[in-house]
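Student: I am new to this structure and should be grateful for a close look at a single part of it, the sheet. Would you please describe how it is put together and what surrounds it?

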Amino acid sequence: MLTVGDGADGKVVLSGRLDAAQAAAAQAFLDGKQGVVTLDCRALEYVSSAGLGVFLKTHKRLLAGGGKLRLAGVSRHLGDIFRYSGFDQILEIEPLP
């Protein structure tokens, strides 16, 4: 299960698991965002390859318009996924403090 919505601080808050079953809903939400978009990943538990695809597609679209996708509050586990997949070279990733 995944919940995605606007946080009080302007970030997009992701909570739960971003897998193939949830990718379309996450993509539809993120398609409505422009500029520099920061995803609050503190409550994100898991990202599958389909979820990585959502991040990549969103990042490319935002870059084309002069923006970018940033990830904040990334856990060590998710950080490992981003490093193994090379996404740490593509996206700006801020780990949990």
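Tutor: The following account takes the sheet strand by strand, and then turns to the helices and charged side chains around it. The model is predicted, and every statement below should be read with that in mind.

A brief view of the whole chain will help to place the sheet. The protein chain contains three helices and five strands, and from the N terminus its elements follow the order β-β-α-β-α-β-α-β. Its C-alpha atoms fill a box of roughly 30 × 25 × 25 Å along the principal axes. The radius of gyration is 12 Å, which agrees with the value near 13 Å for a compact globule of 97 residues. Of these 97 residues, 43% count as buried. Among contacts with a separation of 6 or more, 62% are between residues 24 or more positions apart.

The five strands form an open sheet with mixed pairing, in the order β1-β2-β3-β4-β5. Because β1 (2-6) and β5 (92-95) each have a single partner strand, they stand at the edges, and one side of each is left without a neighbour in the sheet. From one strand to the next, the twist averages 20°.

Let us begin at the β1 edge. Five bridges pair β1 with strand β2 (residues 12-18) in the antiparallel sense. Within this pair, G5 stands opposite V13 of β2. The hairpin that these strands make has five residues between them, and G10 takes a positive phi near 90° there.

The next pairing has the other sense: β2 and β3 run parallel and are joined by six bridges. Here V12 has L39 of β3 as its bridge partner. A parallel pairing follows again between β3 and β4, this time over five bridges. D40 is matched with A72 in β4 as its bridge partner. Another place to inspect is V36, which belongs to strand β3. The C-alpha atoms of V36 and K68 are 4.8 Å apart in space, although 32 residues separate the two in sequence. Apart from its neighbours within four places in sequence, V36 is in contact with G67, K68 and R70. As for β4, this strand is mostly covered, with five of its seven residues buried.

The helices may now be added to the picture. Helix α1 (residues 20-30) lies across β1, β2 and β3 (36-47), and runs at about 170° to β2. Helix α2 (residues 49-64) also packs on the sheet, where it touches β2, β3 and β4 (68-74), and its direction makes about 135° with that of β4.

Between β2 and α1 there is a loop, and D19 is located in it. D19 is buried yet has no salt bridge; R17, the nearest side chain of opposite charge, is 4.1 Å away. A salt bridge requires the nitrogen and oxygen to be within 4 Å, so that distance does not qualify. Beyond its neighbours within four places in sequence, D19 is in contact with Y46, S48 and A50.

The charged pairs complete the description. The structure holds six salt bridges, among them one between R42 and D40, whose side chains meet at 2.5 Å, N to O. The two partners differ in their surroundings: R42 counts as exposed because its relative accessibility is 58%, whereas D40, at 6%, counts as buried.

Another salt bridge joins the side chains of R70 and E92 at 3.0 Å, N to O. This pair links distant parts of the chain, since R70 is in strand β4 and E92 is in strand β5, 22 residues apart. R70 is partly exposed, with a relative accessible area of 25%, and E92 likewise counts as partly exposed at 35% relative accessibility.

A further salt bridge is found in helix α3 (residues 76-85). There D80 pairs with R83, and their closest N and O atoms are 2.3 Å apart. Because the two are three residues apart in the helix, about one helical turn separates them. D80 is partly exposed with a relative accessible area of 24%, and R83 is partly exposed at 44% relative accessibility. Finally, K68, R70 and E92 are joined into one network by salt bridges that share partners.

Notes
Residues numbered from 1 in each chain as written. Predicted model: local features only at pLDDT ≥ 70, side-chain atom pairs only at ≥ 80, totals over all residues. Heavy atoms only, no water. Pairing = 2+ DSSP bridges. Helix = DSSP H or I, 4+ residues; strand = E, 2+ residues; numbered from the N terminus. Axes fitted to C-alpha atoms, helices over the stretch in contact; angles between N-to-C directions. Contact = heavy atoms within 4.5 Å. Buried < 20%, exposed > 50% of the residue type's maximum accessible area, 1.4 Å probe, protein only. Lys, Arg positive; Asp, Glu negative; His and termini not counted. Rg over C-alpha atoms; globule rule 2.2 N^0.38 Å.
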